[in-house]
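Biologist: Could you walk me through this model? I'll ask, you answer.

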Amino acid sequence: MFVTKQIESEHKDLIHDVSFDFYGKRMASCSSDQSVKVWDLGEDGEWKCTATWKTHSGSVFRVTWAHPEFGQVLATCSFDRQAAVWEESFGDVGREGVKSNWIKKSILVDSRTAVTDVKFAPKHLGLQLAICCSDGMVRIYECPDVMNISQWSLQHDIQTKFKCSCLSWNSSRMHPPMIAVGSDDNNPSGGGKCQVFEYNDSTRKWTKVETIVAVTDPVHDVAFAPNLGRSYHLLAIASKELKIISLTPLGRDSVIGNQSVVSRFEMKQVASFTDHESPVWRVSWNVTGTVLSSSGDDGCVRLWKANYLGRWKGISILKGDASQTRQDRNFSANPSQNPAGAVRYIQQAPVHNASHLVRH
């Protein structure tokens with residue numbers, strides 16, 4: 001059973017992003033009103049705003065949490081061409097309980113254009129942060145001393161040669177570090193709108209290993225599925241349609257059919273859905289990488305899962321008016337988010353199950 005609730009966020013403009021922390025007990029929202037709000041899930045199952053502050057001088061496009069091993073740390077990015085890193089400190093206890101303060105620890109100002117996405121690397125790679133910009137640059141920063149997150153050094157500049165809108169790290173420990181980058185460029189002749197980059201230990205450089213030519217429409221979001229032992233990677237792409245791409249690593253002398261292969265991966269489009277009948281804006285996986293959530297302009301969040309034959313199908317529809325359509329009664333859910341002014345979240349009853357959000 002699902003329980004849908006609405007949170008009056010009191011943001012004064014469009015909400016661009018909502019992000020849960022590692023445990024699903026805290027979430028952060030950001031908006032065109034230049035502010036970020038942090039919410040905590042109380043023992044009564046209600047979300048309470050514990051912090052709100054102005055972060056940038058332009059619309060805040062994305063907010064993301066670092067792994068809790070590095071503390072309570074957030075990163076934001078904005079139209080003002082900056083990305084910022086924030087750390088929580090606790091203030092005095094008032095009538096409404098403890099109010100936390102978020103301190104700006106670092107500002108990353110290398111971009112000359114709007115910073116469109118920001119993501120922390122998987123924990124096993126250390127405290128790294130990737131940002132992408134509308135000028136086509138992806139930059140990767142590293143904090144060498146996790147006890148002092150005020151110091152960040154630029155490690156890599158990656159030129160994608162297209163307007164960047166979103167990025168995603170691959171969390172697999174068994175494969176080299178990978179990043180997928182999407183573009184929302186409207187030029188139909190610009191080629192594939194999603195590229196995959198891989199880090200080479202021997203050259204200590206990031207190189208482009210794939211361009212997903214099947215995706216030619218503007219890309220609004222990309223997400224690698226958590227890899228818990230798969231021999232291949234799954235990448236969800238939010239565009240005019242929802243697409244799921246599998247990338248299977250190939251050996252150096254791989255052969256498909258009678259032809260030798262130069263590509264590093266064998267790519268297959270394992271699913272493509274037009275059920276939203278509108279642009280898809282956000283995609284998000286559950287922690288095991290088995291259930292995919294997507295949200296679109298139809299006001300719905302749709303949940304997808306593969307059967308034992310590897311065929312993907314819709315298993316549930318969560319509507320913005322708090323109604324729902326269940327397509328698979330054997331499903332255990334992982335929910336979603338709503339576009340503007342208010343945030344909706346859907347959690348599985350009973351309340352003690354952590355809820356997760358699909359950004360829209």
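Biologist: Which residues does UniProt list for "repeat: WD"?

Modeller: First, the ground rules: this is a predicted model, where local features need pLDDT of at least 70, side-chain atom pairs count only at pLDDT 80 or more, and totals for chains, interfaces and linings use all residues. Residues are numbered from 1 along each chain as its sequence is written, and side-chain values use heavy atoms, leaving out hydrogens and water. UniProt positions are given in that numbering, with shortened feature names, and annotations may be inferred rather than shown by experiment. The entry is unreviewed, and for this repeat it lists residues 8-41 and 273-305.

Biologist: How much strand is there over residues 273-305?

Modeller: Strands here are DSSP runs of E, at least two residues, and helices are runs of H or I, at least four, both numbered from the N terminus. Residues 8-41 come out at 0% helix and 59% strand, with end C-alpha atoms 14 Å apart. Over residues 273-305 the ends are 12 Å apart, helix is 0%, and strand is 58%.

Biologist: Asp 17 is in strand E2 (residues 15-20). Is Asp 17 buried or exposed?

Modeller: The cut-offs are under 20% relative accessible area for buried, over 50% for exposed, and partly exposed in between, using a 1.4 Å probe and protein chains only. Asp 17 has 1% relative accessibility, so it counts as buried.

Biologist: Which backbone nitrogen does the Asp 17 side chain reach?

Modeller: The distance is 3.2 Å, and the backbone nitrogen belongs to Val 63.

Biologist: What kind of aromatic pair do Trp 65 and Trp 102 form?

Modeller: Rings of Phe, Tyr and Trp (its six-membered ring) pair if their centres lie within 6.5 Å; planes under 30 degrees apart are stacked, over 60 edge-to-face, the rest tilted. The whole structure has 10 aromatic pairs. This one joins strand E6 (residues 60-65) to strand E9 (residues 97-108), 37 residues apart, and both Trp are buried. With centres 5.9 Å apart and 80° between the planes, the pair is edge-to-face.

Biologist: And what about Tyr 199 and Trp 206: what is that pair called?

Modeller: Both residues are buried. Their ring centres are 5.6 Å apart and the planes sit at 50°, so the pair is tilted.

Biologist: How many contacts does the model have for residues 328-340 beyond four places in sequence?

Modeller: pLDDT is the predictor's confidence in each residue, from 0 to 100, and the protein's mean is 85. Residues 328-340 stay under 50. Counting contacts as heavy atoms within 4.5 Å, the model gives that stretch 45.

Methods:
Polar contact = N/O pair within 3.5 Å; in protein donor to acceptor, adjacent residues only side chain to side chain.
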